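Student: I would like to take a close look at one part of this protein. Could you walk me through it slowly, and then show me how it sits within the rest?

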Amino acid sequence: MKVTVVGAGAVGASCAEYIAIKNFASEVVLLDIKEGYAEGKAMDLMQTASLNAFDTRVVGTTGDYSKTADSDICVITSGIPRKPGMTREELIGINAGIVKEVSSNLVKHSPNTIIIVVSNPMDTMTYLVHKTTNLPKNRIIGMGGALDSARFKYRLAEALGAPISDVDGMVIGGHSDKGMVPLTRLATRNSVPVTEFISEERLDQVKEDTKVGGATLTKLLGTSAWYAPGAAVSGLVQAIACDQKKIFPCSTLLDGQYGLNDLCIGVPVVLGRDGIEKIVDIELNEAEINHLKESAEGVNKTNGLLEL
């Protein structure tokens with residue numbers, strides 16, 4: 001199992017670290033355009049191997065896509081990160097060109113790969129990869145929903161005063177502050193609806209805190225977060241590599257599901273060795289459907305800024 005991570009910045013390096021530590025891949029290739037940067041990150045990670053008891057080989061390269069050849073899974077984290085006050089959508093002009101070039105090079109050397117898109121605006125970048133490569137749609141996956149759901153569960157556990165392991169919840173919709181649709185109605189604490197434990201007002205606060213989860217961290221850190229995004233990517237990669245058939249909300253190209261067409265947006269999917277093996281159609285109430293449609297309108301508006 002060979003995994004390539006393009007972009008050796010904070011998110012890419014965290015992603016490579018979590019994949020290596022989980023010890024399910026034989027090789028992780030880190031690629032960056034900054035001279036020596038990926039090589040240094042790879043060497044640093046390899047020097048933790050004996051300490052963290054993993055045998056995954058981590059290799060770094062400066063722009064040499066031949067080193068990525070025959071990758072089973074490729075992760076695109078490259079692009080500029082958000083700065084305080086910047087929306088994900090404002091990144092589109094710069095990151096679209098980067099993602100288009102990166103995905104083209106990856107497919108050239110690994111025509112049978114599965115691509116996971118992390119670069120923002122994530123839903124639009126995932127759509128761009130669909131439109132500019134010949135990969136089947138099950139092999140192009142946007143990461144955002146897995147991260148948003150992890151942030152949702154963090155906020156739920158905080159509100160409940162419960163351990164994270166007791167909490168379950170999902171966020172669908174676009175990976176943006178306004179586009180996220182946290183499914184509070186379906187959130188549970190050890191199979192019991194969270195509404196049994198906290199008020200509707202507190203649950204609404206959890207919902208709003210989840211939607212601005214990324215912006216909150218950007219304000220605190222001065223740049224985008226990296227631990228949780230890296231962990232979210234590693235979870236998707238492991239589900240695919242180990243054929244786990246796990247359900248994650250991921251950005252995928254819809255063709256009539258949820259009444260939506262020709263856009264990538266977060267919905268629950270089953271991940272296995274073939275990438276997206278099934279789109280899960282859950283029954284939403286009227287309010288949730290309306291929120292999802294509003295989110296889709298926002299994604300479509302951003303997609304319209306692409307120069308395809």
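Tutor: Lys2 stands opposite Glu27, a residue of strand 2, and since this is a predicted model, everything that follows describes the computed coordinates. The pairing to which these residues belong is parallel, with five bridges joining strand 1, residues 2-6, to strand 2, residues 27-32. If you follow strand 1 along its length, you will find it mostly covered, for five of its five residues are buried. Lys2, Thr4 and Val6 point one way from the strand, while Val3 and Val5 point the other way, and all of them are buried. This fits a general pattern, in which the side chains of a regular strand alternate between the two faces of the sheet.

It helps to set this strand against the whole chain, which holds 10 helices and 14 strands. The radius of gyration is 18 Å, close to the 19 Å that the globule rule gives for 308 residues, so the chain is as compact as a globular protein of that length. Along its principal axes, the C-alpha trace spans about 55 × 45 × 35 Å. Buried residues make up 55% of the 308 residues, and among contacts with a separation of 6 or more, 70% are between residues 24 or more positions apart. The chain exposes about 13,600 Å², of which carbon and sulfur atoms supply 50%.

For another example of pairing, turn to the open sheet made by three strands in the order 7-10-11, where the pairing is antiparallel. Its edge strands are strand 7 (167-168) and strand 11 (192-193), each of which pairs on one side only. Two bridges join strand 7 to strand 10, residues 188-189, and here Asp168 stands opposite Thr188 of strand 10. Arg189, for its part, lies over the face of Phe197, at 5.3 Å from the ring centre.

Rings can also meet one another, and the count here comes to one aromatic pair. Trp226 and Tyr227 form this pair, which is tilted, with 5.5 Å from centre to centre and 55° between the planes. The two residues can be sorted by their accessibility: Trp226 counts as partly exposed because its relative accessibility is 24%, and Tyr227 counts as exposed because its value is 54%, the cut-off for exposed being over 50%.

Key: Residues numbered from 1 in each chain as written. Predicted model: local features only at pLDDT ≥ 70, side-chain atom pairs only at ≥ 80, totals over all residues. Heavy atoms only, no water. Phe/Tyr/Trp six-rings, centres within 6.5 Å; stacked < 30°, edge-to-face > 60°. Buried < 20%, exposed > 50% of the residue type's maximum accessible area, 1.4 Å probe, protein only. Lys NZ or Arg CZ within 6 Å of the ring centre and 35° of its normal. Helix = DSSP H or I, 4+ residues; strand = E, 2+ residues; numbered from the N terminus. Rg over C-alpha atoms; globule rule 2.2 N^0.38 Å. Contact = heavy atoms within 4.5 Å. Areas by Shrake-Rupley, 256 points an atom, 1.4 Å probe, with all protein chains shown as cover. Pairing = 2+ DSSP bridges.
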